[in-house]
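This report covers a helix and its surroundings, a nonpolar core and a pocket.

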Amino acid sequence: MRPWPKPPGFEAAQWDELEAIVARAIAARSRTVQRQLTLFLILLEWLPLLRYARRLSRLDPARRANFLDRLQRAPLLLLRRGFWGVRTLILMGYYGAPPPPRRSGIGPMRAVWEVRR
């Protein structure tokens with residue numbers, strides 16, 4: 001079980017592709033950068049313990065969002081850089097993964113042509 005929520009509309013195949021994209025991006029980095037990322041992720045998991053007496057994966061969604069919001073604006077440049085680096089990896093995986101299947105059956109272009117008729 002993953003300690004973070006799945007993006008809405010993602011199925012197992014899209015989630016696996018997201019993880020594969022991020023894993024390839026991390027594997028392409030130097031060992032030093034990989035160690036820095038590992039250390040930052042450990043720090044990210046345990047840092048909320050100081051304020052909320054819980055790890056990040058154990059926080060409710062509101063407190064997790066509050067913590068991450070504060071972290072992205074942290075006065076310490078190193079924390080902000082780490083946050084934005086991890087965020088970039090997540091977005092790379094999300095937007096690089098194939099889109100989830102459409103549920104309505106009518107794609108956006110088809111809907112536009114239907115309106116123009």
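## Pocket, core and helix H1

In this predicted model, H5 supplies nine residues to the lining of the second largest pocket, the largest share. That pocket has a volume of about 490 Å³. Its lining comprises 20 residues, and those nearest the centre are Gln 36, Leu 37, Phe 40, Arg 81 and Gly 82. H2 and H5 are the elements that give two or more residues to this lining.

Phe 40 also belongs to the largest nonpolar core, which has 18 residues; Phe 40, Leu 44, Phe 67 and Leu 71 touch the most other members. The elements that contribute two or more residues to this core are H1, helix H2 (31–46), helix H4 (61–72) and H5. Leaving aside residues up to four places away in sequence, Phe 40 touches Leu 71, Leu 79, Gly 82, Phe 83 and Val 86.

Helix H1 (residues 12–27) has 16 residues, which at 1.5 Å a residue should span 22 Å; the end C-alpha atoms are 22 Å apart, in agreement. The table lists residues of H1 by exposure.

| State in H1 | Residues |
|---|---|
| Buried (under 20% relative accessible area) | Gln 14, Trp 15, Leu 18, Ile 21, Val 22, Ala 25 |
| Exposed (over 50% relative accessible area) | Ala 12, Ala 13, Arg 24, Ala 27 |

Viewed down the axis of H1, the buried residues fall within an arc of 120°, so they line one face of the helix. An α-helix has 3.6 residues a turn, so residues three or four places apart point the same way. The exposed residues of H1 are on the other side. Helix H5 (77–96) is included in what covers the buried residues of H1.

Technical notes:
Residues numbered from 1 in each chain as written. Predicted model: local features only at pLDDT ≥ 70, side-chain atom pairs only at ≥ 80, totals over all residues. Heavy atoms only, no water. Helix = DSSP H or I, 4+ residues; strand = E, 2+ residues; numbered from the N terminus. Expected span 1.5 Å × (residues − 1). Buried < 20%, exposed > 50% of the residue type's maximum accessible area, 1.4 Å probe, protein only. Arc of directions from axis to C-beta. Contact = heavy atoms within 4.5 Å. Core = buried A, V, L, I, M, F, W, Y, C linked by side-chain atoms within 4.5 Å. 1 Å grid on protein atoms, 1.4 Å probe; cavity = no way out; pocket = protein on both sides within 12 Å on 5 of 7 lines; lining within 4 Å. Points joined across faces, edges and corners; volume = space filled by probe spheres on them.
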